[in-house]
Amino acid sequence: MARFLTKHLLFLLLTLLVVSLLVFTLNEFTPGAVARKILGAYATQEQVDHLTKQMGLDRPVLVRYVDYVRAAATGDLGYSTRFKLPVKDVLFKHLANTALLAAIAFACIVPLSMLLGITAGMREASRLDRAILMFSTVVASIPEFALGVFLASVFVVWLGWLPGTATLMAGGGWSVASQFVLPVAVIVLFDAGYVVSMIRASMVEVMQRPYIRTAVLKGMPFRRVIVRHALRNAMLTPITVIMLQINYLVAGVVVVETVFAYPGFGRMMLEATLFKDIALIEAGALVAVFLAVLTNILGDLAYIVLDPRIRV
Amino acid sequence: MTDASVLDVEGLRVTYATRAGEVLVLPGLDFQLRAGEALGLVGESGCGKSTVALSIMRYLGRNGRIAGGRILFEGRDLVTLDDAALRAIRGRRIAMVYQDPMASLNPVMTVGRQLMEVPMIHEGADAAAARARALAMLGEVKLADAEAVMERYPHQLSGGQQQRIVIAMALIAGPALLIMDEPTTGLDVTVEAAVLDLVRELRQRHRSAILFISHNLGSVVRVCDRVGVMYRGELVEDGSVRQIFGNPRHPYTRGLLDCLPTLGRDKRDSPLVPIAGQVEPAHVRRAGCGFAGRCAHVEAGRCTVRPIPASVVDGEPGHRVACLRAEELEHWTRRRGAAAAAHDAAPAAEPVITVHHLTKVYEPRRRRRRFGAPRPSVRALADVDLAASRRHTLAIVGESGCGKSTLAKVLSGIEVATQGGVTLDGVEVGALPIDARTAVLKRKLQMVFQSPDSTLNPSHTVGYAIGRALRLLQGRAPDDLAGAIAKLLEVVRLPPGIAARKPRHLSGGEKQRVAIARALAGDPDVIVADEPVSALDVSVQAAVVNLLTEIQAARGATLIFISHDLAVVRYLADHVAVMYLGTVAEAGPVERIFAPPYHPYTEALLSAVPVPDPEHDVARILLEGPVPSANEMPRGCPFATRCPRRVGAICDDTPPPVQRPAAGHRIACHIPADELQRLQAPLVEPAPAGR
Amino acid sequence: MSTPVTTVEALPVSPPVATRVRGRALWQRRLRALGASRPAAIGLSIILAWVVLAVLAPLVAPYRPNANDLAALAHTTPSKAHWLGTDHLGRDLLSRILWGARPVLVIAPLAVLGAAALGSLLGLAAGYYGRWIGIVITRACDIVLSFPVIILYMIILAHFGSSAWNIIGVLTLTKAPIIARIVRGMTLDLREREYVTAAKMRGESSLYIMLVEILPNARGPLVVDMCLRTGYNVIIIGALGFLGIGLPPPDPDWGGMVKDTYGMMMVWPHMALVPCAAISSLVVGFNLLAVGLRELGLRD
């Protein structure tokens, strides 16, 4: 176990270093752009050069990268030129908002997709299976912004039941809680569609295994066969995928956040890229990669817990 | 045998829905099974024997449907039973044992819990009571250390242990009927023998009726009282074991027995006779006898008019046969081999390929497992010495894990030797991987593989596969291939038109013959065949074995034939090497290997072979304990840990000396050969006198 | 020594293949096979409909995509003159949707083809050679894969600007590792097949074995996945447009059309709904085709 963890944590560290260096170098392709962005279009070239020098952006990349890593190790992630605040403050405020949204969505996605996926896969090609398969395929095919537009036109424009934005500020007579309904609904529909089809495919395969026949021919009621023999086996393959959804839910929901003006991590990153807020981009990228690798490790761990054939 | 029948199948019709429409798999089956009786159902793949089992269990899947007839079990018709009533019968009154025990057990549940489920479902037993029952049952199937076994997961048990668990699970509720569907297929021959003996013993105690389904006629003889022979969904003949194997009346039954290599048969004096033609696809049904298309005795206008009723054979009550001409056919005699050493092999020609002090060690790819303890390096071959002469067949025989496939890989250059070497026509090739071998060397040695489904690339046509081999091995130009391809196909008795087909349109036997043609493209001196017929049905196997023998003789090639099947080896080999744990236990001319003195391992192997002859009754030597794993290789004799003739500490500590009781015959054993000869009885029947 | 008796006369031969339909082109037979699965048939019809409309856009679109009909601004909802209505600048929505189908239908499949080519090569090499080549490729793919796709686009596109070629490049690079992973998995399995050993034994080169012996047998899952990836690419192209970092304006781009108009949903919901419906239907088409192809693949 200790070996497993050290190996993966080392890989995590390596990935973080590689990615941060990549992002750092990428920013070099637009020299002077940072100062230009801060000073605006009407500043003179001298002013831009001056600021560039002042910010130390004229030094070689590697030198600055080492400086950056050294500072980051002490918790100093730099200063956000867009928000005019330390990166740390901006980052964690938005990250917390996103984490809340992600947690609610994840809590809906897992039970929902397990229920639908198992139900569909346990009787392949039954009417219920076809219905669930078609439903999940179609929902997973609708881009998040389109789902947002569809749901908003019904529940906001037509019925007027829900607010069209989720700024997390009570206003316009809408509670903060009600603001969560639509963003969560969009994320859950889009993402669960994908997870359902994964679980269904795995369940269909498991149901064809001889050990399911053994269980049925023991005289076991079908429901008990599903719960006791099929369920755990059917979750083996999808468990890794499910864990990876955490990654998507935190770092991939920029579109949903934009649709509903939700002040989350993704939208922060979008603004940072549009404003060339390099310090913030860099820090955000690191957070995203950290999460990605972490969820990978979580997925592996969950698999180990479920499958006795792998023992640590 | 006056008991009432437990199972009464009457006019059972089963159809499968396929893309081509509804296919009639069982056109109307009748048979009975009395309490405590064991009935064997035999036949080749696709004859519908498994469908019979699944119909009784009412588990035909989405495509299958019982279209008519009745299955009376203890007086109730299973066909019309509702789900709840069916559940009460499944697992409790009728239980099943399956072909692949590993796949039949839930991989993520301990075997103990899987056993306990049965009494818990059917008798409402609590966990403690169910556990006690499971433990007692594990004792009955002779699993040592039952407490510990209960906590294991299936993957932690060996194949034999897994099958014992499945048998325990089937018997735990004391069923009136036990269905066994190919229960020993895929198990090693010594493990198979132990499982069959266990079934025989449990039969005495449990009084369950047994429906024993197998393609292996020998294992049926071991377990059953009666046998039914199935062909294309019909029971063509049934009767007692003695009746069927002593006096088979149906031409198909005779065909099966005639094409089956048994320990006594030899290619020289008792050639296998394949059944003509091949099984017609299930959707083709003609009037009259289903076997008429392949039968040598068919009489037009008589056999092919109306369905053939089963009639009782004169003077043999209980022996039914569905053949109009059964009474007219001459008496059948078992084809037997010659007495041992009837023809000593021709003076050994110069060897074309020799293996000297060959050792192959697999280093683990990573020193450590993904998790946990360091992996040991695996010694797959240890100091192997062999030689194969020109025009001869050297058979290498042994159970799984004995190193026979590794040997094939080293010979062919897929792996290279760790120590020692291989000399091919005077050139040392043991250290040469296939990429490093010259075109001439590649041409000299070619391989035929085991699996018909994997031997040909499904994306390429037969013609392309053979043509490519011709181009690379013979250096032919691309526009000069058609004739050569047709010629090669002719050699393996296939029509030239087959060149345009892809493998999925071929049967298993055809694919294997194409693979042989491909190997022949370069006119090799040595053909290494790794289990080339073990995946084929017996009638197809006979044709391919004959083909190999004939081609070898015609072309003067050397055949290295790797097999686990002692009967096939006995049939076609000139020389045999018996391998155990990477070493050669015994080697020599085929007649010597199959007659005393035997190496104790050879003796155990021979005694374990199921022979389809009720008269053949030898005492089985059961091997105890597991094959040692790679990291606990014995220091002395590799076989010492399981040897029934172990003499003492010397076996554990000192590698056995190689004795040479006769020319070319060597045995690696501490027991002197004369002593062995004195102790051992012949296990292969001698030829009947006055042959 | 007695000669072995040869009893080979009784060698059976399978009956000729009855399923072969003569006189039909291969693609016609393939198309017929696709009809056997309803999802595949529906999906393919949707995709083909869009392809036809996109190709014929200059002929069938009633207006130039960027032409402003200022008169229509008073009444933007669907009418006889503008079947689907106009946007906030008075541009005909139907015409913009038809023209907007063109870039998507070029970029998404091109990027998938690029990813399939690159990913197949990487996956074949990683699976066939194993050892350090395999480890390096797998790790590199893992790193690219671990990066949240949309953030990667944002960073790259924000730096290099947005153009069709940049989008294709980014999509190719980020999808290739997924394809590589699939092909590697299949290669690990297929390289153990006996026909691969047979190829080695007759002296075929590694490149031949990878491309001719292995790759064709990986095509089933590969085609299904390419189909799925095309759908996802359409989604991402739409999302990029929606975020304002997609194809540059003013040429119509479905995602960009939503971005420009979804702020006015309370007043004119149709302006955002129409492009949303268009993009959703196209993705549904690709995903249904993938479901159908998988079904058909399993059936054989």
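Biologist: How many of the nine residues of helix H12 of chain B, residues 404-412, are buried?

Modeller: In this predicted model, the helix runs from residue 404 to residue 412 of chain B and is mostly covered. The residues that count as buried include B:Lys404, B:Thr406 and B:Leu407, and B:Ala408, B:Val410, B:Leu411 and B:Ser412 belong to the list as well. The number of buried residues in this helix is therefore, with buried meaning under 20% relative accessible area, as follows: seven of its nine.

Biologist: Which residue follows H12(B), and what is the sign of its phi?

Modeller: Just after the end of this helix, the chain continues with a glycine whose phi is near 85°. That value is positive, and the residue is B:Gly413.

Biologist: Is B:Arg203 buried or exposed?

Modeller: B:Arg203 sits in helix H8 of chain B, which covers residues 189-206, and the side chain of B:Arg203 reaches the backbone oxygen of B:Gly36 at 3.1 Å. Leaving out residues up to four places away in sequence, B:Arg203 touches B:Gly36, B:Glu37, B:Ala38, B:Ile210, B:Val223, B:Cys224 and B:Asp225. Because its relative accessibility is 16%, B:Arg203 counts as buried.

Biologist: With which side chain does the side chain of B:Glu603 make a polar contact?

Modeller: B:Glu603 belongs to helix H21 of chain B, residues 600-608, and with a relative accessible area of 5% B:Glu603 is buried. Apart from neighbours within four places in sequence, B:Glu603 is in contact with several residues, among them B:Tyr598, B:Ile621, B:Gln680 and B:Leu683. The polar contact has a distance of 2.5 Å, and the partner is B:Arg645.

Biologist: How many residues apart in sequence are the parts that the pair of B:Arg570 and B:Asp266 ties together?

Modeller: B:Arg570 and B:Asp266 form a salt bridge in which the closest N and O atoms are 3.0 Å apart. B:Arg570 lies in helix H19 (residues 566-572) of chain B, while B:Asp266 lies in the loop between helix H11 (251-258) and strand E11 (311-312), so the pair joins parts of the chain whose separation in sequence is 304 residues.

Biologist: Are B:Arg570 and B:Asp266 buried or exposed?

Modeller: These two residues are the partners of the salt bridge at 3.0 Å. The description given for B:Arg570 holds for B:Asp266 too, and it is buried.

Biologist: What is the relative accessible area of B:Arg493, which forms a salt bridge with B:Glu550?

Modeller: In this salt bridge the closest N and O atoms are 3.1 Å apart. The pair links distant parts of the chain, with B:Glu550 in helix H18 (residues 538-555) of chain B and B:Arg493 in the loop between helix H16 (482-491) and helix H17 (508-520), 57 residues apart. B:Glu550 counts as buried at 16% relative accessibility, whereas B:Arg493 is partly exposed, with a relative accessible area of 34%.

Biologist: How many helices and how many strands does chain C have?

Modeller: From the N terminus on, the elements of chain C run as α after α. Of its 300 residues, 52% count as buried, and among contacts between residues at least 6 apart in sequence, 73% join residues at least 24 apart. The secondary structure of chain C comes to 12 helices and zero strands.

Biologist: Which residue of chain A forms a salt bridge with C:Glu295?

Modeller: Where the two chains meet, 40 residues of chain C are in contact with 48 residues of chain A, and about 3700 Å² is buried between them, 81% of it on carbon and sulfur atoms. The rule finds one salt bridge across this interface. The closest N and O atoms of that pair are 2.8 Å apart, and the partner of C:Glu295 is A:Arg130.

Biologist: Which helix gives the most to the side of chain C that touches chain A?

Modeller: Helices H5 (131-146), H6 (149-160), H10 (219-243), H11 (254-261) and H12 (269-299) of chain C each supply at least two residues of that side. The residues of this side divide into 31 nonpolar, six polar and three charged. With 13 residues, the helix that gives the most is H12(C).

Methods:
Residues numbered from 1 in each chain as written. Chains lettered and ligands numbered in written order. Predicted model: local features only at pLDDT ≥ 70, side-chain atom pairs only at ≥ 80, totals over all residues. Heavy atoms only, no water. Contact = heavy atoms within 4.5 Å. Buried area = accessible area lost by both parts, 1.4 Å probe. Salt bridge = Lys/Arg side-chain N within 4 Å of Asp/Glu carboxyl O. Helix = DSSP H or I, 4+ residues; strand = E, 2+ residues; numbered from the N terminus. Nonpolar A, V, L, I, M, F, W, Y, C, P; charged D, E, K, R; others polar. Buried < 20%, exposed > 50% of the residue type's maximum accessible area, 1.4 Å probe, protein only. Polar contact = N/O pair within 3.5 Å; in protein donor to acceptor, adjacent residues only side chain to side chain.
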